[in-house]
Each structure stands twice: as structure tokens, then as C-alpha cells.
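Biologist: I have a new model open and want to walk through it with you. Can we start from the cysteines and then move on to the strands?

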Amino acid sequence: MFRRERSIPLRGSAAALCNNLSVLQLPVHNLTHFGVVHGPSAQLVSAAPEGVPLAQRQLHAKERAGVSLPLITQVHWCVLPFRILLVLTSHRGIQMYESDGSVMVYWHALDSGDASPVQAVFARGIASSGHFICVGTWSGRVLVFDVPAKGPNIVLSEELAGHLTSVTDIASEHAQEQDPAGEKGKGSLCLSPQDCIADMVTADDSGLLCVWRSGPEFKLLTRIPGFGAPCTSVQLWQGIVAAGYGNGQLCLYEASTGTLHAQINAHARAICALDLAPMVGKLLSAAEDTFVHIWKLNRNLKNGCIEVEHCHGECVPDTQVCGARFCDPSGSSLAVTGYDLAEILRFSSV
């Protein structure tokens, strides 16, 4: 069970965008950072455990002189082995800041290429894997940036071409464990078990999922086809891909093979956010139907099947939920944002 805690006030509401909440916990400083976007700005809030906001900062998308401010599409903290960077995506490009948003260390302008005048150009979907930061784009390409341990010498090292429609979300996980069921490599595009350690998944507007192994050269392991609904949010945990769709369904797949293990009618409206508590295998799903659900994932060691159990449901009345995240790795607290809601709602387990 979860109880409502003191909410965190915002200077404005969250935009009606999927995955519109990023959370960074800093246990050493006893602080939690929250990031929300609305229009041309991103709001960063630092709060103490009891929810008291200690500092707020606004960041704006980079623009050219004489041109209207571009809309920000997502804000996300990327935790790399030696540093933490704050990444902003917009209709103009990609900005990377130091974790507190005080200093911009890199700016990448989007190339419209062969886009028609009526086609939107934007970046969306952010994740880190090792010392790489991956960002999705309107064209379906995923840009891979090689980030040094310090300094601004960030390099665009690769462009991944697995999607034909706009990327919606990216998720990653440290690939340290082998598949407990011994299924890696079966039916996928990889050649050996070592090649089939899946540590990143990308999703797009058609519902297609691409599963990757990161490294100096990213390798496509398998494609999981869509079924007519966009995949709005995706997560990866111990070889399990959790995907939320625009029709309210939640699907669990085997990362290395694309095998469907569970298909759940989780919500009555489009899912807008998924998140995972990696220490315990809890999965959070939030949707436009005002509900936030928590599920427990488990892999049966005898047969390798993925099992799922519904643990909790929370209603946020009269709110179009657009972002939700766990606030700690154990899943004992969570935060929720909503359109036209000038606060971040907080809940903790009892």
C-alpha cells in the first residue's frame, strides 16, 4: 500500500507528453532531483526527503537569433560510470548539461535532411549505456554519443538505423548477468551467446521494438514487431522487455528472442510512462486513465517463463497523468506528474 506524501510545487504544469518526469536520487546529499518540461522550458527541482523544495532552476532550449523558442520534448538524467549529465531534447537539437543544469557541456543541432516542410523534426527518447548516451529522433535514427570521463569533448560516434518511424522511448540496463533460462541467441539476429547480451531497447510510433547490445559498435540483436499501436514507453530488466502501448496494453517480452510472455490489458487509456525498481523487479505503469499501477516481475528459474503479479493501483482523480517514476531503486516511493497540474505528487509505501 502507498500513502500520499507532501507534494512538490512547480512554477507551471507539465506538458501533455509521455515520459514527462525524470528523477535522480542523490543519497549522499540526501536529495532528490526532479525534471519536468513544459513548452520551451524545463523545470528542475531539488527536494529533501520530506518533500520540501530546496532549489528550482529553469532551462530553455537553445535557439537561433530571430527564431521562436523551440519546444522541449524530454528531460532526463543519464548516469554514466564517471559522471552524471542532464540531457534535454527539443525540436532543434540535443543539449547536455552538468547534472545540476548549471553548465551546458554539449549542443547537437538536428539535421532536417530530407524532411518535408510539414514534417516535424525533433529528438525524443534518452538513455545511457556504459559511457554512451543514446537519443532517438523523428526519422527513426538513434544517435549514439561517446562521452568522456570529464570535459566537453563529446562525440557523435554512431547512428543506429533500426526504425522507420519516430523513436518514442529508449531504455537500457547494465548487461552483467547471463540469461537464467539459457535462451540467449535462440531465434535472434546475433551469432553467439556472448553477442546476445541485451542491454538496450528502443521503441517507435509503429510499436516496433529493437533490442541492442551496446559497445564500441552497437549490435542489433532482434526486432519485436508492433501490432498497430505506438509503443509509448519501454523498460528493460534482467533480460525482460516491458513495453507500454497507446491502447493501454502492457507486454512483457524475452529480450534476446522477442518471445511474448505476457500481454496485459493494464489500462483503459494510453500508457504514458513505465519505470522499474531494479533492486526488487517492481514495474510501474501510468496512463491517461488517471491510474498508476505497480506490478511485480519474476522469472521462473525452472522453466524460464516470466511471471507478473499486480501489487497496487493508485488513482489520481481528474488528472491526465503524463509522467511517473520510482524515487528509489527499491520502489518504496514514487512521483507522478499531470497535465495542468502545478505540482509533483509523491507517494510512499506504508
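**Cysteines, strands and cores**

Biologist: What relative accessibility does C311 have?

Modeller: C311 has 41% relative accessibility, so it counts as partly exposed. Keep in mind that this is a predicted model.

Biologist: And why is C311 not bonded to C327?

Modeller: Because the distance is too great for a bond: the two sulfurs are 17 Å apart. C327 holds the closest cysteine sulfur to that of C311. A disulfide needs the sulfurs within 2.5 Å.

Biologist: How many disulfides are there by that rule?

Modeller: The count is 0. C305 is in no disulfide either. Its nearest cysteine sulfur belongs to C251, 16 Å away.

Biologist: Is C305 buried, exposed or partly exposed?

Modeller: Partly exposed, because its relative accessibility is 34%.

Biologist: New topic. What does UniProt place at residues 264-298?

Modeller: The unreviewed UniProt entry puts the feature "repeat: WD" there. In the model, that span is 66% strand and 0% helix. Its end C-alpha atoms lie 15 Å apart.

Biologist: OK, strands. How many residues of strand 5 are buried?

Modeller: 7 of its 7 residues, and the strand runs over residues 41-47.

Biologist: Which residues sit on which side?

Modeller: One side has S41, Q43, V45 and A47. The other has A42, L44 and S46. Both faces of strand 5 are covered.

Biologist: Why do the numbers skip like that?

Modeller: Because side chains in a regular strand alternate between the two faces of the sheet.

Biologist: What does strand 5 pair with?

Modeller: Strand 4, residues 31-38, pairs with strand 5 in the antiparallel sense over 7 bridges. Strand 6, residues 53-60, also pairs with strand 5 antiparallel, over 7 bridges. Take two residues as markers. V45 in strand 5 stands opposite F34. L44 has R57 in strand 6 as its bridge partner.

Biologist: What happens between strand 4 and strand 5?

Modeller: They form a hairpin with 2 residues between the strands. G39 takes a positive phi there, near 65 degrees.

Biologist: Which strand makes a hairpin with strand 7?

Modeller: Strand 8, with 4 residues between the two. The pair runs antiparallel and is joined by 7 bridges. Strand 8 covers residues 84-90. V87 in strand 8 is the bridge partner of H76.

Biologist: How many residues of strand 7 are buried?

Modeller: 7 of the 8, over residues 72-79.

Biologist: Switching to cores. How many residues are in the largest nonpolar core?

Modeller: It has 20 residues. L85, V87, I94, M96, I133, F145 and I154 have the most contacts inside it. Strands 8, 9, 10, 11, 12 and 13 each give two or more residues to this core. Another core, of 18 residues, lies apart from it. L209, V234, L236 and A243 are among its members.

Biologist: Why would residues like that gather?

Modeller: Because nonpolar side chains tend to be buried together in soluble globular proteins.

Biologist: Which residues does I94 touch, beyond its sequence neighbours?

Modeller: Its contacts include V87, L88, Y106, W107, V135, L143 and F145.

Biologist: Where is Y106?

Modeller: In strand 10. Y106 counts as buried, because its relative accessibility is 14%. Beyond its sequence neighbours, its contacts include I94, M96, F145, P152 and I154.

Biologist: How many residues separate Y106 from G151 along the chain?

Modeller: They are 45 residues apart, with 9.5 Å between their C-alpha atoms.

Biologist: And where is D111?

Modeller: In the loop between strand 10 and strand 11. D111 counts as exposed, because its relative accessibility is 63%. D111 and V45 are 66 residues apart in sequence, and their C-alpha atoms are 31 Å apart.

Biologist: Last one. What is the strand order in the open sheet of 4 strands?

Modeller: The order is 11-12-13-14, and the pairing is antiparallel. Strand 11 and strand 14 are the edges, so to speak: each pairs on one side only. The twist averages 25 degrees from one strand to the next. Inside the sheet, strand 12 and strand 13 pair over 5 bridges. V135 has L143 in strand 13 as its bridge partner.

Key
Residues numbered from 1 in each chain as written. Predicted model: local features only at pLDDT ≥ 70, side-chain atom pairs only at ≥ 80, totals over all residues. Heavy atoms only, no water. Buried < 20%, exposed > 50% of the residue type's maximum accessible area, 1.4 Å probe, protein only. UniProt positions renumbered as here; feature names shortened; annotations may be inferred. Pairing = 2+ DSSP bridges. Core = buried A, V, L, I, M, F, W, Y, C linked by side-chain atoms within 4.5 Å. Contact = heavy atoms within 4.5 Å. Axes fitted to C-alpha atoms, helices over the stretch in contact; angles between N-to-C directions. Lists of a residue's contacts leave out its neighbours within four places in sequence.
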